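Dear colleague,

Please find below the structure that I am handing over to you. My account of what was found in it follows directly after.

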Amino acid sequence: MYSYEWNKDTGGYNLTPKIEGLAKEVRPVFFEELEFLGLDKNFGWQFPKLKEPLCWAEGRRYFYRGELVAETQGGNLFDLPALKNVTPNLSLLPVDIKTMIAKNENLMNGMIQRTLKEIYGTFKAYKNKVDLFYVAFSGGKDSMVMLDLVHRALPHDSFEVIFGDTTMELSDTYKTVEETKKIFSDLKWHKARAPFDALDSWQFMGPPASKIRWCCPVHKSGPSLVKVKEIIADHHRCSVADIKNFRVMAFIGVRKEESAQRATYDDISVSRKHPAQINFYPIFKWTTAEIFLYLFAEHLPFNQVYRNGSQRVGCVFCPMSSEWYDCIMSKNYFDEVSPYIDVVKRTINKGFETEEQWQNYFKGLGWKKRLGGIFLRNGENRIEIVKDGDLQSFIITNANYSWRKWLPVLGDFVEVGDNKFSLHYEGESIIFNVDIQADKEIISLRVPELDKRMIKFLSQLKNVLNKAAYCRNCRDCMIECPYGALTIVADDVQIKNCQHCYRCLDKQRGCLAANSLAFGGAVNAMKIKGINRYQNFGLRSEWISILFENPKNFWENDRMGPNMILSFENWGQEIGLLANKRKFVANLNKFISLGAENLKLWGMFWINVAYNSALINFFVKHIEFGLPLDTSALIDLLGDSLRPQTKKNAILSLKNTLRASPIGDELGQGICKVKGNAVVSIMRTAWQNPEPLVILYSLYQFAEHSENLYSFTLTDLLDDSDEREALSPKILFGLDEEILRPLLQGLANDYPDYIRVDFNKGIQENIFLNKDKTSGDVVQLF
């Protein structure tokens, strides 16, 4: 809420009344961290080993009495950080905490009173609207301050405290929790845990990764909601199964200063993942400067991990952690970290033979970048889809459950013949056959017309089958069910009185375990035939300029070598400029009139090549937005069926395309990190200023690749399932529904002959294209 300025007299800081100013996250630094960095042994620093902090840090920069005295750089799981700009032979005195608190008393008291008033006011407003209030406690600084404030503001019997024990907590966190329970012994404490320990789940589900964060719903948020239902059931003296359509309010210690994403939160909001829970963030506008002042002033328990140098309290080994955090964990809690390092080594199939190779893998954050099960020893595709005309078959192997167990999510079904079944789905009957073999089950059905209903059904059916194949009883789906129709215990799944809301299917692949174990990040070799057909060259904007300057003499121009010409023969067909290897398309002059740097043109090129090029189709479908990937990671994703040199050449062409054309930077499809003259990593980002007509072109291409499906919902459009050929603006350009909705509305206003939309909030959001128009007609609007 306030900024701060250094106070040389106290060695601390003074809050300043600059509301929501440019405050940086500050933290106290103690003797443990200074010893860890070796500032005493290597730089002659002298300091007492006291309880009080000695200096402060803003990120990796250290300040003593307002002066910058040291900086750290680097550091990881195996290496200490480097020190720079160190003031040598520094003699440190402890911060005068008592005087610092007194100098900030007025501003702090005003802020505290406002927060207490907000907590009590919110409690009164929701008292008759929710079944339970609870504090989500983690043992970190923010939840500690929040717990104390709620304890001061509310009657002590009006809320519960739930500690989410992920079993990945630090030993110092468990100590802090026990110490806190003694201080707040008048409160009702509960522990929420998953039915299995984290080390076990890492083994059978594969280690979590930055884009496969199954650990949070399985070990953190999910168990807390299970515990909530148990508490409510206990209050009502009934079984947990009887608790349906409940509503709770959670006091959560989230602050806007922590991240750009959290800064967009509202103080009070319904949980996106768990609609039964309303989240209230009492300290949302507090800064770390105020948090630490409150902790010191109220003499609250202080987790040792902060004294060791960490900015946060988290799991001992986390795919979202910084390298600095990993360094702190490894050097201070190695006995607790090492079991997780070992489980990664046991589960990841990389073929490393030496410890040095493994260390380089961890240093390169390889385990955090995993995109699917291809490099897991127990990873496998248990669902295969085979199409033969209008017959689609789902081949299920090594399933943990029979398809019969999970199919009721879609509707009631009956056997109507020998291995022939009828499923009642959204008012209609869908007939399918089941062929049971020794090691597999095959579900087959005919899809005469790929209409909107069947696109949705096939996607949901695959998610249901994924659940049957991969389910490990993690209970995440049970938490999602708003009707209490789904019960998951240690060895069984029971579905009764399902309302077919499909909420349990609303996740990638329909199942957390499937998303972690399936080969989603890898590509079938048959689907990437011809991936290396560009003579190692990428598509260059320079080539388009040469062509547009003089199309008649293009094939004989002296600015492109013979291999470049051969490369362009392939790229040119795939982007839509060539009808065949040496014949230009009829409307080339239209493209020339737009100019070689026109982003509408390059947006069209990108859409075309995403459909026509095996290389770019692979890239679009398998590389997520916001995830930096180096060359080795990209090559790994291509699997083992291609020769190493083929994969290297293909990735070289990809990187050159992103670097040598507007596709990379201006369309955001591959921001290149360059070292010397080489691209060392790329990262997809969303197109920041998308051209509306390009998006309209993508919609018509979507329709034309969906067997002329010209009307669909926004939800259907954005459901980029693996088996679908059509590509949405989301997968092409990283545009989510919040961006697309107004953009599509604008297109409907400007081009009513091409598109209509019916966006009624809370109801299906429909998109209607004109069947008499084509994507080629849209190009004429450019």
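I begin with one residue of this predicted model. Leaving out residues up to four places away in sequence, Phe 317 touches Leu 77, Trp 202, Val 337, Tyr 340, Ile 341, Val 344, Phe 362 and Trp 367. Phe 317 is also one of the residues with the most contacts inside the largest nonpolar core, which has 121 residues. Trp 45, Trp 202, Trp 406, Leu 410, Leu 445 and Phe 457 are listed with Phe 317 in that respect. Helix H15, residues 452–470, gives the most to this core, with nine residues. Another core lies apart from it and has 94 residues, including Met 560, Ile 575, Tyr 697 and Tyr 754. As a general point, nonpolar side chains tend to be buried together in soluble globular proteins.

A buried strand residue

Phe 394 lies in strand S15, residues 391–397. Is Phe 394 buried or exposed? Phe 394 counts as buried because its relative accessibility is 1%, and the cut-off for buried is under 20%. Its C-alpha is 5.1 Å from that of Ile 443, although the two residues are 49 apart in sequence. Setting aside neighbours within four places in sequence, the contacts of Phe 394 include Ile 383, Ile 385, Ile 442, Ile 443, Leu 445, Leu 458, Leu 461 and Leu 465. Glu 384, Glu 441 and Lys 462 are also in contact with Phe 394.

The chain as a whole

The protein chain has 29 helices and 29 strands. For 782 residues, a compact globule would have a radius of gyration near 28 Å; the chain has 29 Å, which agrees. Along the principal axes, the C-alpha atoms fill a box of roughly 80 × 70 × 60 Å. Of the 782 residues, 55% are buried. Among contacts with a separation of 6 or more, 68% are between residues 24 or more positions apart. The chain exposes about 34,400 Å², of which carbon and sulfur atoms supply 47%.

Helices with two sides

Helix H4 covers residues 105–126. At 1.5 Å a residue, its 22 residues should span 32 Å, and its end C-alpha atoms are 31 Å apart, which agrees. Which residues of H4 are buried? They are Met 108, Met 111, Ile 112, Thr 115, Leu 116, Ile 119, Thr 122 and Phe 123. These buried residues cover an arc of only 140° around the axis, so they are on the same side of H4. On the other side of H4, Asn 106, Lys 117 and Lys 124 are exposed. The general rule behind such a pattern is that an α-helix has 3.6 residues a turn, so residues three or four places apart point the same way.

Helix H6, residues 171–183, has 13 residues and reaches 19 Å from its first C-alpha to its last, close to the 18 Å expected. In H6, the buried residues are Asp 172, Thr 173, Thr 176, Val 177 and Thr 180. Their arc around the axis is only 145°, which puts them on the same side of H6. The face of H6 turned away from the buried side carries the exposed residues Lys 175 and Lys 182. The cover over the buried residues of H6 includes strands S8, S9 and S10 and helices H5 and H10.

An enclosed helix and its exit

Helix H9, residues 288–298, is largely enclosed by the rest of the structure, because nine of its eleven residues are buried. Among the buried residues are Glu 290, Ile 291, Phe 292, Leu 293 and Tyr 294. H9 is followed by His 299, whose phi is positive, near 55°. His 299 is in the loop between H9 and helix H10. With a relative accessible area of 69%, His 299 is exposed.

Two further loop residues

Asn 419 is in the loop between strand S16 and strand S17. Its phi is near 60°, a positive value in a residue other than glycine. Asn 419 is partly exposed, with a relative accessible area of 31%. Lys 496 is found in the loop between strand S21 and helix H17, and at 57% relative accessible area Lys 496 is exposed. The C-alpha atoms of Lys 496 and Ala 485 are separated by 5.0 Å, while the two residues are eleven apart along the chain.

Yours sincerely

Key: Residues are numbered from 1 along each chain as its sequence is written. Side-chain values use heavy atoms; hydrogens and water are left out. A nonpolar core is a set of buried Ala, Val, Leu, Ile, Met, Phe, Trp, Tyr and Cys residues joined through side-chain atoms within 4.5 Å. Buried means under 20% relative accessible area, exposed over 50%, partly exposed in between (1.4 Å probe, protein chains only). Helices (H or I, at least four residues) and strands (E, at least two) are DSSP runs, numbered from the N terminus. Contact means heavy atoms within 4.5 Å. The expected span of a helix is 1.5 Å times one less than its number of residues. The arc is that of the directions from the helix axis to the C-beta atoms. The radius of gyration is taken over C-alpha atoms; the globule rule is 2.2 Å times the number of residues to the power 0.38. Accessible areas come from the Shrake-Rupley method with a 1.4 Å probe; for residues, only the protein chains shown count as cover.
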